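Subject: A structure for you to explore

Hi there,

Here is the structure I promised to pass on to you. Have a look around it first, and then read my notes below with the model open beside you.

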Amino acid sequence: MNIYPVKIPYLIKSIFHKWIWCFNTSEKHIYLTFDDGPIPEITPWVLEQLNNYNAKATFFCIGDNIKKHPEVFHQIIEKGHRVGNHTYHHINGWKHTTTTYINNCHKTELLLPDSEKTKIFRPPYGKIKREQAKTLRKKGYKIIMWEVLSGDFDTSISADQCIKNVLRAVNKGSIVVFHDSKKAFPRLQGALPIILKELHQKGYVFKTIP
Ligand SMILES: [Zn+2]
């Protein structure tokens, strides 16, 4: 039983309309995103899968992981993907003051190249206070949420269920969430190759967040 919505309802998107949930497009474009890396055990495998379909994606990186695995981080950039900020310690915005939260984001910003291109932010757990989001937007960040959750982080479901979650819910312009983490890998490993194959066959093209 899922306790999170696989597809974000229109109501939520319209209440939090300053945050980006999907893109309006008539083109068959899909925006795959990978959170919580980079880590050497998983991220290079993800890059390989994407490469098989000439797919581009966006990686919301944890600063602490960039610091520990700079070579993996550079692989992401070299392959033409986009990177964004996912805080330094993967902190929950609801549990921290705005000052602490912004400082944690800033610590990651210092590790990201070319500040203009990397000023995209995804809050860990999707939990961020309005004031924190507002402060980040003032600093030039776009807050990137999602429309479709694969559920790869959910240890109670199978890779097959992840495949179904994504294939049933995606549409033109959808932003889809995966995780390049060890916790998600048992599901990601089975789901990602199939999802890429199926969507590619349906004529979708995988793009970085614009
Ligand atoms: Zn995360």
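Let's begin with a pair of strands: β1 and β8 (residues 205–206) run parallel to each other and are joined over 2 bridges. Within that pairing, Ile30 has Phe206 of β8 as its bridge partner. Please keep in mind as you read that this is a predicted model.

**The neighbours of β1**

β1 has further partners. With strand β7 (residues 175–179) it forms 5 bridges, again in the parallel sense, and there Asp35 sits opposite His179. With strand β2 (residues 58–61) it forms 3 bridges, also parallel, and here Asp35 is opposite Phe60. To get from β1 to β2 the chain passes through α2, and this β-α-β crossover is right-handed.

From β2 you can carry on to β3, since these two strands are parallel and joined by 4 bridges. Look for Cys61 there, whose bridge partner in β3 is Asn85.

**Which way the side chains point**

A useful rule when you look at strands is that, in a regular one, side chains alternate between the two faces of the sheet. Try it on β1: His29, Tyr31, Thr33 and Asp35 lie on one side, while Ile30, Leu32 and Phe34 lie on the other. Are these two faces covered or open? Both are covered, with all of those residues buried. Counted along the strand, 7 of the 7 residues of β1 are buried.

β2 can be read in the same spirit. Thr58 and Phe60 point one way, Phe59 and Cys61 point the other way, and all of them are buried.

**The nonpolar core**

In soluble globular proteins, nonpolar side chains tend to be buried together. In this model, the largest nonpolar core has 63 residues, and Leu32, Phe34 and Phe59 have the most contacts inside it. Helix α8 (residues 185–201) supplies the largest share of this core, with 7 residues.

Phe34 is a nice residue to click on. Leaving aside residues up to four places away in sequence, its contacts include Val46 and Leu50, Phe59 and Phe60, Phe178, and Leu188 and Leu192.

**The zinc site**

Which residues hold the zinc ion? They are Asp36 (OD), His86 (NE2) and His90 (NE2), which coordinate it at 2.0 to 2.1 Å. Along the sequence, these donors follow the spacing D-x49-H-x3-H. Asp36 is in the loop between β1 (29–35) and α2 (43–52), and His90 is in the loop between β3 (82–85) and α5 (98–109), so this pair ties together parts that are 54 residues apart in sequence. Both ends of that tie are tucked away: Asp36 is buried, at a relative accessible area of 16%, and His90 is buried too, at 18%.

**The cysteines**

How many disulfides are there? The count comes to 0. Take Cys61 as an example: the closest cysteine sulfur to its own is in Cys105, 14 Å away, and that is too far for a bond. Cys61 is buried, with a relative accessible area of 1%, whereas Cys22 is partly exposed, at 28%.

If you would like a place to start, find β1 and follow its parallel pairing to β7, and after that turn to the zinc ion with Asp36, His86 and His90 around it.

Enjoy exploring, and write back with any questions!

Best wishes

Terms used. Residues numbered from 1 in each chain as written. Predicted model: local features only at pLDDT ≥ 70, side-chain atom pairs only at ≥ 80, totals over all residues. Heavy atoms only, no water. Donors = N, O, S within 2.8 Å, 3.2 Å for Na, K, Ca; no water. Buried < 20%, exposed > 50% of the residue type's maximum accessible area, 1.4 Å probe, protein only. Disulfide = S-S within 2.5 Å. Core = buried A, V, L, I, M, F, W, Y, C linked by side-chain atoms within 4.5 Å. Contact = heavy atoms within 4.5 Å. Pairing = 2+ DSSP bridges. Right-handed = clockwise from strand over helix to strand, strands pointing away.
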